[in-house]
Every structure is written in C-alpha cells, then in structure tokens.
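The following exercises concern enclosed spaces and a bound ligand. Please study the sequence and the structure before attempting them.

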Amino acid sequence: MSDKRYTDIYQRALRDPEGFWAEAAEDVHWDRRWSRVLDDSRPPFYRWFAGGALNTCYNALDVHVEQGHGDRPALIYDSPVTDGGKVFTYAELRDAVATFAGALRNHGVAAGDRVIIYMPMVPEAVVAMLACARLGAVHSVVFGGFAANELATRIDDARPKVIVSASCGIEVNRIIEYKPLLDEAIRLAKHKPGTCLVLQRPQAEAAMTAGRDVDWNEAVAAAEPAPCVSVAATDPLYILYTSGTTGQPKGIVRDNGGHAVALKWSMKNIYGVDAGEVYWAASDVGWVVGHSYIVYAPLLKGCTTVLYEGKPVGTPDPGAFWRVISQHDVRVLFTAPTAFRAIKKEDPDGTHVRKHDLSRFRTLFLAGERCDPDTLLWARELLDVPVIDHWWQTETGWPIAANCMGIAPLPVKPGSPTRAVPGYDVRVLDDAGNDLPAGEMGSITVKLPLPPGCLPTLWNNEEGYRRAYLEQHPGYYVTSDGGYCDEDGYLWIMGRIDDVINVAGHRLSTGAMEEVLAAHPAVAECAVLGVADALKGQLPLGLIVVKAGVETTEETLVPELVSLVREKIGPVADFKQALMVKRLPKTRSGKILRGTVRSMADGTPYKAPATIDDPAILDEIREDLGRLGYPKG
Ligand code: COA
Ligand code: AMP
C-alpha cells in the first residue's frame with residue numbers, strides 16, 4: 001500500500017464525485033435507483049441520490065438475514081453496571097425491531113413523524129432507533145446526561161408524536177431516574193407528545209401517567225411486526241441536536257440515502273473492517289458517534305456491534321476495555337482520547353492489559369476532541385497496534401480527516417488526524433476567504449458540496465443552516481475549527497474558533513451556560529470559558545460579576561450557580577468552578593476577552609490586545625484565577 005493509492009482515490013473523488021459515490025451506492029439496496037447522483041440545482045443546498053428510494057433499517061438488518069446471515073451476532077450488549085448482557089443475532093434484532101415498529105405504528109407513528117428517544121445504553125434504545133427507520137419516522141435521540149430543560153427544548157423543536165424512554169440509567173455511583181426528568185420536560189414543553197413508551201428497568205420503577213404512558217413490554221405484546229417503508233433518499237432519517245454558540249441547540253438533519261452510502265463505505269475504507277467482524281464504538285447512542293458507529297455503520301456493513309453500558313474506569317476497574325475486547329473478539333475500537341487518559345491515570349503502567357488476550361485486536365481509533373500526542377503514544381505502546389486519530393463533527397456524521405486504514409495506511413504524525421478523507425475538499429482559509437499556504441493557521445472549511453452523509457440542513461431552519469455554516473465563506477462549509485495543513489497535506493486541528501468547548505469528548509456551548517448563569521438574580525454579568533484539563537481536555541470555568549448592592553460571597557453563590565447549571569443543562573456540562581470577579585476583561589467595544597483569560601488559566605503565553613479597555617484588570621483576573629490554583633503546574 002502506498003501514499004499513491006490514497007492520493008489517487010482522493011483525487012478521483014474530487015474530480016468525479018458523482019461517479020465515485022454512484023459506485024459506492026451500488027453496495028446499498030435501493031427500492032428505486034436515483035435519478036441524479038448529486039442534485040446541484042439549488043446551491044448552496046445540495047442533495048445526494050435525488051429520486052432514489054430505500055429503507056435504512058432494511059439495509060441494516062433484513063438484507064443480511066435475507067442473504068443467509070440471520071444467525072450472525074448483530075448486537076452484543078455488555079453491561080458491567082447491571083452485571084448483565086445479551087447477544088442478538090441479525091434475525092433476532094430484525095424481529096425485535098419489526099415488532100417495536102409495530103408498537104410505534106399502533107401509537108400513530110407513520111413515515112415523517114418524529115419520535116424522541118431519551119434512553120440509557122440499553123438494547124431497546126437501538127431497537128427504537130431502527131424501528132423508527134423501519135417506518136420512515138424520524139428519530140431524535142437525546143443524551144441521558146441532559147436535564148429536563150434541554151429535553152423540553154428538543155421536544156418543542158422536533159414536535160414528536162411519541163417519546164420512548166426508560167425508568168432509569170445507571171452511572172458508576174448512582175441510579176439516574178429518567179422518568180421524573182421526562183415528566184418535567186413534558187410539563188415545560190409547549191408541545192405535548194401523544195404517547196410515552198417507557199421501558200421499566202428493575203433498578204427503578206417509573207410512575208406512569210395514565211392515558212399517556214404505556215409500558216414498553218405491553219406495547220410490544222400488543223404489536224404485530226411492521227414491514228420496512230420505502231422512503232426517499234433525501235427524506236430525513238434522524239435529527240440530532242448539538243451545541244452551537246447560543247442556548248438554542250441546532251437540529252442536525254441526516255438523510256437516508258447519502259447516509260447509508262457514506263457510512264457503509266467508511267467501514268471498510270476508513271476503519272478497515274469487514275462484514276462479520278466485531279467493531280466497538282465506546283460512546284453513547286446520544287452522541288453522533290453512537291448514531292453512526294454503534295448503530296448504523298456497523299450494521300449496514302454486516303458487522304457485530306458492541307453496546308457497552310459502562311465506563312472505561314470504575315466498572316469495575318481500568319481493565320474494563322481490555323476485558324470487553326478479549327471477551328467479544330473486538331477487532332477495532334473507537335473511543336475518545338479522554339477515555340484513555342482516564343485509564344492511564346488509574347493504571348499508568350498498563351498492568352490490566354496483561355490480564356487479557358488482545359492478540360486479535362487490530363486498530364484503535366480516537367476522535368471527539370483533540371488527541372494529545374502523549375495519550376496517542378501511550379496507547380500505541382500499551383496496545384502495540386496502530387492508534388489513529390480522526391476528526392469529524394456531528395454535522396458531518398462521519399470522518400472529515402483520517403488515516404484511512406482500508407485504503408492505504410499513511411505514516412502517523414501524533415497530534416494530526418492525518419489527511420482529508422476522500423469526498424472532503426478541505427481548505428484552510430483566511431478571514432477574507434483566501435486559501436492559506438501550508439503551515440498557516442486559519443479557518444478550516446470544506447468546499448461545497450459536502451460528500452453524502454453530511455447534514456443537508458438544520459431541522460425546520462434552512463436559514464439557520466445557511467447563516468451558521470455557509471454564509472461566512474460563500475461556496476464553503478465552515479467547520480468552526482481552526483488549524484492548518486502542513487507540507488505533507490496533514491491537517492492539524494487546533495480547536496474551536498467559536499464558543500463551543502469540548503469536555504470529556506462532549507460538545508458543550510459556553511453561551512448556553514452563560515444564559516443559565518445570567519438568569520441568577522445576583523448575577524450582573526458573566527463569562528464562561530473552557531480551560532485546559534489533564535483528564536477531560538477542557539473544563540468550563542465561570543467568571544461572575546455580582547450586581548451592585550447584592551450581599552453574597554463566593555462560598556454561597558458558586559454552589560448555587562453549579563446546581564443551577566446542573567439543573568438546567570445537566571450533569572454532563574460538568575460546570576463545577578466559578579470565580580466572583582470585580583469586572584470582566586473587555587475590549588473597548590465590549591467584547592469579553594475569553595481567549596486571554598483562557599491563556600492565563602492555562603499558563604500559555606498571551607498578549608493583551610491593544611484594544612483592551614483597562615489593562616490593569618488582567619492583574620486582578622490573574623489573582624482571581626490563583627484562588628482556584630490556575631495556572632496549574
Ligand atoms: N446520564 C446521566 N448522567 C450522566 C450521563 C448519563 N448518560 N453521562 C454522564 N453523566 C454525568 C456523570 O455521572 C457526571 O456526573 P457527576 O458530576 O455527578 O460526577 C457528569 O455527567 C460528567 O460526566 P463525564 O464527563 O462523563 O465524567 P465522569 O467523571 O463520569 O467520567 C470519563 C469521565 C472520562 C470516564 C468519561 O467522560 C468517559 O468515559 N468518556 C468517554 C468519552 C465519550 O464517551 N465520549 C463521547 C464521544 S466519542
Ligand atoms: P461533536 O460534534 O460533538 O462530534 O464535536 C465536534 C468537535 O470536536 C469538532 O468540531 C472539533 O472541535 C472536536 N474534535 C472532534 N474530533 C477531533 C479530533 N480528532 N481532533 C481535534 N478536534 C476534534
């Protein structure tokens with residue numbers, strides 16, 4: 001294999017995207033072939049496989065059963081937090097999905113209707129997602145670590161006919177009751193779903209609301225299996241909300257046709273995985289990694305996927321990942337660097353690895369946040385397999401840059417996710433939209449059209465899509481990541497250039513946290529920024545200015561603010577630290593100098609901008625940061 005093979009394929013995809021993706025689409029079962037591979041009649045909005053019709057669930061399950069692989073394991077559920085687990089063959093998973101689709105249909109769900117899924121990492125979450133796909137309904141999975149308020153926002157935007165939930169999720173040290181959160185979210189939301197289908201787990205019993213809530217098992221017992229409904233390639237498969245710069249999350253839309261083609265292509269070409277092999281994405285179905293690489297891509301490819309309800313450490317020890325890999329014969333693992341930092345912290349010498357047979361394990365992929373070279377090198381030495389950093393976003397749904405193991409493994413440069421994946425014309429631009437030479441930092445963009453599988457729009461908000469992603473540099477999709485491309489064409493992703501931060505691989509909006517803090521009656525002004533953290537990559541830090549005349553102390557106010565963010569956004573925000581400051585550092589035009597404060601907290605060099613309102617304020621802030629021990633050694 002060689003650099004040339006990658007370059008040839010990459011160039012071919014750029015030169016002839018329609019030919020390239022039409023070939024990839026031959027690997028998917030179509031009920032009706034497309035009339036246009038790429039519909040470019042309405043730039044900057046592009047649609048793939050216009051005129052085509054298919055069913056994603058059929059391609060993920062039924063087709064494998066019909067091809068004689070019904071006995072192959074499709075889903076391995078491994079749950080150290082319940083001491084449980086189960087294996088579903090393709091035939092069993094297809095049957096469970098068809099029956100649950102029948103239950104959804106009994107409750108009025110038809111093609112185009114939305115269904116919100118608010119569930120922990122149980123097989124029923126996967127079943128519910130695929131059942132929606134089977135009916136042509138649009139699912140929207142909401143991560144369990146979000147609070148009622150966030151769920152309510154999503155209910156009002158997606159307007160679901162049905163919500164599927166469970167009585168509880170299980171964290172290392174506690175049971176999270178989902179049902180009170182769901183009830184509160186429905187109370188807060190203007191839109192009311194007709195039905196809630198609730199899975200009762202033995203760890204907690206959910207109180208049911210008569211006339212609205214139906215027990216999962218009863219709904220299934222009353223249902224007949226439903227067939228796959230053929231939908232347009234351009235019809236939405238799901239909406240996944242992600243953090244933007246404001247408190248209002250963005251509803252990323254994924255279509256059926258382009259998604260199936262791109263994801264199936266990625267399994268062999270990027271991850272180097274074949275049908276029948278075990279592939280494990282240690283993430284959560286509430287995130288895009290879970291959608292794409294726990295559920296859809298491995299099943300489209302005919303692999304066995306692992307659904308792991310546990311953590312890298314504490315369930316029960318830092319050997320948990322190695323146990324899962326050896327027990328289930330996992331060939332490829334995909335997780336976030338933070339998981340490896342957590343393991344390294346508890347088991348720096350890797351003693352747990354030696355207790356398990358990892359001889360058949362082939363490749364580790366990392367994404368979700370910037371991968372620091374130390375973590376990559378530690379993992380590589382520990383596991384003695386290639387460790388591949390790759391870069392993507394909820395919006396794209398699959399990698400923008402990667403070392404494509406199925407095309408031609410390229411030399412690894414720790415700290416870089418390697419090169420653009422075929423289909424993505426990645427450009428680094430300056431503020432005026434000019435291509436920057438190698439080595440110069442700028443805004444990382446993708447020249448339109450985006451390849452299949454990437455978002456065609458935001459849910460009910462085409463104008464928002466244009467504004468957020470397409471307007472700044474006409475003809476390009478703006479990723480909101482900053483970085484550069486080196487002489488060898490390797491990309492270096494240095495971090496977000498908007499107000500989004502990344503905490504333990506979770507994407508969070510500092511703007512949303514600021515909105516919550518600002519609503520506290522004592523707060524006059526505030527700023528939230530992401531400061532470096534050795535374990536989680538970044539952690540949010542609040543700076544608070546109290547209203548004149550309000551009598552309070554940091555000891556009283558900060559815990560109140562921490563609870564408020566936990567209550568309004570959720571524990572996943574991990575907002576645990578804030579400082580009361582006399583004033584915020586600003587430019588003369590009023591822009592808060594978050595970047596300067598971040599550098600001060602991180603102990604990295606900074607230069608106060610010439611436009612700073614009052615340079616003396618930086619001394620005050622440095623002292624304030626010192627109270628929390630910043631900068632940390
Ligand atoms: N439901 C409810 N609460 C949840 C939750 C869920 N599904 N997931 C996380 N939380 C809570 C946690 O219990 C924690 O609460 P606490 O503040 O009371 O301790 C809080 O949200 C923050 O969670 P997290 O950032 O995950 O921290 P952690 O200390 O529990 O675990 C890691 C740290 C590194 C082990 C964990 O973040 C991890 O496994 N990361 C892997 C990365 C990953 O899956 N990324 C997804 C994209 S690939
Ligand atoms: P999400 O939409 O939650 O997947 O988060 C996407 C963001 O995470 C990107 O815009 C990047 O800022 C960051 N990210 C993901 N993967 C990487 C990576 N490999 N290297 C650097 N940043 C990454």
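Three exercises with worked solutions follow.

This is a predicted model, in which local features need pLDDT of at least 70, side-chain atom pairs count only at pLDDT 80 or more, and totals for chains, interfaces and linings use all residues. Residues are numbered from 1 along each chain as its sequence is written, chains are lettered from A and ligands numbered from 1 in the order in which they are written, and side-chain values use heavy atoms, without hydrogens and water.

**Exercise 1.** Describe the largest cavity and its lining.

*Solution.* Step 1: a cavity is a set of points, on a 1 Å grid over the protein atoms alone, where a 1.4 Å probe fits but cannot get out; lining residues have an atom within 4 Å of a point. Step 2: the structure holds four cavities of 30 Å³ or more, and the largest has a volume of about 130 Å³, a volume being the space filled by probe spheres set on the points, which are joined across faces, edges and corners. Step 3: its lining comprises 14 residues, with Tyr46, Leu450, Cys454, Leu455 and Pro456 closest to the centre. Step 4: strand β2 (residues 45-50) supplies the largest share, three residues; strands are DSSP runs (E, at least two residues), numbered from the N terminus. Step 5: eleven lining residues are nonpolar, one is polar and two are charged. Here Ala, Val, Leu, Ile, Met, Phe, Trp, Tyr, Cys and Pro count as nonpolar, Asp, Glu, Lys and Arg as charged, and the others, Gly among them, as polar.

**Exercise 2.** Determine which domains contribute to the lining of the second largest cavity.

*Solution.* Step 1: the second largest cavity has a volume of about 100 Å³. Step 2: of its 13 lining residues, Glu150, Ser243, Ser509, Ala512 and Ile569 lie nearest the centre. Step 3: domain 1 (2-310 + 390-483) and domain 2 (504-627) each give at least three residues to this lining; the bounds come from an automatic or database domain assignment. Step 4: the lining divides into six nonpolar, five polar and two charged residues.

**Exercise 3.** Where does ligand 1 lie with respect to the domains?

*Solution.* Step 1: 24 residues surround ligand 1, and the closest are Glu171, Pro312, Lys536, Arg566 and Lys576; a residue counts if one of its heavy atoms lies within 4 Å. Step 2: the shell holds eleven nonpolar, six polar and seven charged residues. Step 3: domain 1 (2-310 + 390-483) and domain 2 (504-627) both give residues to this shell, so ligand 1 lies between them.

Conventions:
1 Å grid on protein atoms, 1.4 Å probe; cavity = no way out; pocket = protein on both sides within 12 Å on 5 of 7 lines; lining within 4 Å. Helix = DSSP H or I, 4+ residues; strand = E, 2+ residues; numbered from the N terminus.
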